[in-house]
Amino acid sequence: MAENMTFEEFADIPKVDESLLAEQIHLFEETPLLSLFDFLPMAVLILNTARQAVYGNPAFIDVLPQADIDLMIGRRLGEAINCIHAGKDPRGCGASDVCRFCGAAQALLESMRKRGAINQCRIRRHKAGIEEALNLEIKSMPFTYHDQDFIWVCLLDITHEKRLQSLESLFFHDILNQSSALYNMIGMLSSEKQSADIPIVSTLVEISNDLIDLVRQQKELSDAEAMRLKVSPSQSFARDFLVSAKHSLSRLAQERGVSILFDNKAGDLLVETDVVLLGRAFTNLVKNAVEASSSGQDIHLDCTKHDNTVIFSVSNSTVISEDVRLQVFNRFFSTKGKMRGLGAYTAKVFVERYLGGTIEFTSTPEEKTRFYIYLPEEFHTPG
């Protein structure tokens, strides 16, 4: 190992002779603490400085093309998992031009430089006569044992995660395009004189617009959870969020016989925040209140300021039971059926992870139910 090791020096390292390899393998066979790794769900390897495996836990079998861990011992990583590039250079896995850009080789090179590393690698390999793609996250760390240098390696198969991300991206992209096209076509139809007076046309415009908004909400939540969401703060009138929430939920409120009310106490109160994210969060809380209310009940919206904090609130007359109160912000928890329960969860993610605020609520027989969003008057990046 050397702190200034180059890729060529890394690639030129020959495999150790069989006697030394056997000695190193035996060294770890006699280490009882390694049995603790038998219960880990991720693959754990120990490589010598020639990048040959001298230990592998049972979870590594899931990464191998064949369910036989003995086939991995003594081999380099690419050879063990049957990477299509492992034999392209006479020096073996980690030496070809392609290997320069392999995340696994780069991580191991860093550890040969006496540093820990975390990387991702995209591997094409042969399995059962078929070429397949494999995505791995690799963590490596050098260590010394019995006066010999080795490298700890942890591998996590993220192939399914990467495929899901790709499908998710394509889904949001395609469905947004199709929904926008539908909205534009209906808009053109509604602009025709003979169609403008047909009630169903205006309804279709609303529904297609709601569809686009729903897809965007789901994409924003997906990006938020993956820490990909970009925040764009600007100054806005606090009252605008109350007006927007009431307007967007007017049809739902009418269908349920519920009234959404607020006064003008907010006046010219300003708040610096991301308009889209706060709008989503506040509207989600108002929507929950509408859906929890019975016909004839009122939903009250309010916005006040205390010191340097702007406080938005939503209140309704329904009292939340204890078992529901304890799970309100859990993802997918809902009293309204399966695959619901993202409203309060999404609001909490947006407000607390991205807007630098907090969400709280109270629910008692005396004061009924009230949700609060507390935001700094001036935006600051959370954390």
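What share of the 383 residues in the chain is buried? Buried residues make up 41% of them. The views below all come from a predicted model.

**Figure 1. The whole chain, with its 12 helices and 12 strands.** Before zooming in, here's the overall picture. The chain exposes about 21200 Å², and 53% of that comes from carbon and sulfur atoms. Among contacts with a separation of 6 or more, 63% are between residues 24 or more positions apart.

**Figure 2. An open sheet of 5 strands, in the order 2-1-5-4-3.** Pairing here is antiparallel. Strand 2 (53-56) and strand 3 (117-127) sit at the edges with a single partner strand each, so each has one side with no neighbour in the sheet. On average, and ignoring direction, neighbouring strands are turned by 30° against each other. As a reminder, strands of a sheet pair through backbone hydrogen bonds, either parallel or antiparallel.

**Figure 3. Strand 1 meets strand 5, and helix 2 lies across them.** Strand 1 (residues 43-48) and strand 5 (residues 148-157) run antiparallel and are joined by 6 bridges. Look for Ile46, which stands opposite Trp152 in strand 5. Trp152 turns up again on the strand 4 side, as the bridge partner of Met141. Helix 2 (residues 18-29) lies across strand 1, strand 2, strand 4 (130-145) and strand 5. Its angle to strand 5 is about 65°.

**Figure 4. The hairpin of strand 3 and strand 4, with 2 residues between the strands.** The two strands run antiparallel and are held to each other by 11 bridges. One pair to pick out is His126 with Glu131, its bridge partner in strand 4. In the turn, Ala128 has a positive phi of about 55°. That's worth a second look, because most residues other than glycine have a negative phi.

**Figure 5. The next hairpin along, strand 4 with strand 5.** Here 10 bridges join the antiparallel strands, and there are again 2 residues between them. His146, in the loop between strand 4 and strand 5, has a positive phi of about 50° although it is not a glycine. Is His146 buried or exposed? With a relative accessibility of 54%, His146 counts as exposed, because the cut-off for that class is over 50%.

**Figure 6. Tyr145 and the residues around it.** Tyr145 lies in strand 4 and is partly exposed, with a relative accessible area of 26%. Which residues does Tyr145 touch, leaving aside those up to four places away in sequence? They are Leu27, Phe28, Thr31 and Phe150. Tyr145 and Phe28 are 117 residues apart in sequence, yet their C-alpha atoms are 9.6 Å apart in space.

**Figure 7. The second largest pocket, with a volume of about 360 Å³.** It is lined by 24 residues, and the closest to the centre are Cys83, Cys99, Cys102, Arg122 and Ile123. Helix 3 (77-80), helix 4 (103-112) and strand 3 are the elements that give two or more residues to this lining. Which element supplies the largest share? That's strand 3, with 5 residues. This is the strand that also stands at an edge of the sheet in Figure 2.

**Figure 8. Lys114, in the loop between helix 4 and strand 3.** This loop has a backbone feature to check as well: Lys114 has a positive phi of about 70° although it is not a glycine. Lys114 is partly exposed, with a relative accessible area of 49%. The cut-off for exposed is over 50%, so Lys114 stays in the partly exposed class.

**Figure 9. Strand 10 between its partners, strand 9 and strand 12.** Of the 8 residues in strand 10 (residues 309-316), 7 are buried, so the strand is largely enclosed by the rest of the structure. With strand 9 (residues 298-306), strand 10 pairs in the antiparallel sense over 7 bridges, and Leu301 stands opposite Val314. These two strands form a hairpin with 2 residues between them, and Asp307 in the turn has a positive phi of about 55°. With strand 12 (residues 368-376), strand 10 pairs over 8 bridges, also in the antiparallel sense. The bridge partner of Ser313 in strand 12 is Tyr372.

Terms used
Residues numbered from 1 in each chain as written. Predicted model: local features only at pLDDT ≥ 70, side-chain atom pairs only at ≥ 80, totals over all residues. Heavy atoms only, no water. Helix = DSSP H or I, 4+ residues; strand = E, 2+ residues; numbered from the N terminus. Buried < 20%, exposed > 50% of the residue type's maximum accessible area, 1.4 Å probe, protein only. Contact = heavy atoms within 4.5 Å. Areas by Shrake-Rupley, 256 points an atom, 1.4 Å probe, with all protein chains shown as cover. Pairing = 2+ DSSP bridges. Axes fitted to C-alpha atoms, helices over the stretch in contact; angles between N-to-C directions. 1 Å grid on protein atoms, 1.4 Å probe; cavity = no way out; pocket = protein on both sides within 12 Å on 5 of 7 lines; lining within 4 Å. Points joined across faces, edges and corners; volume = space filled by probe spheres on them.
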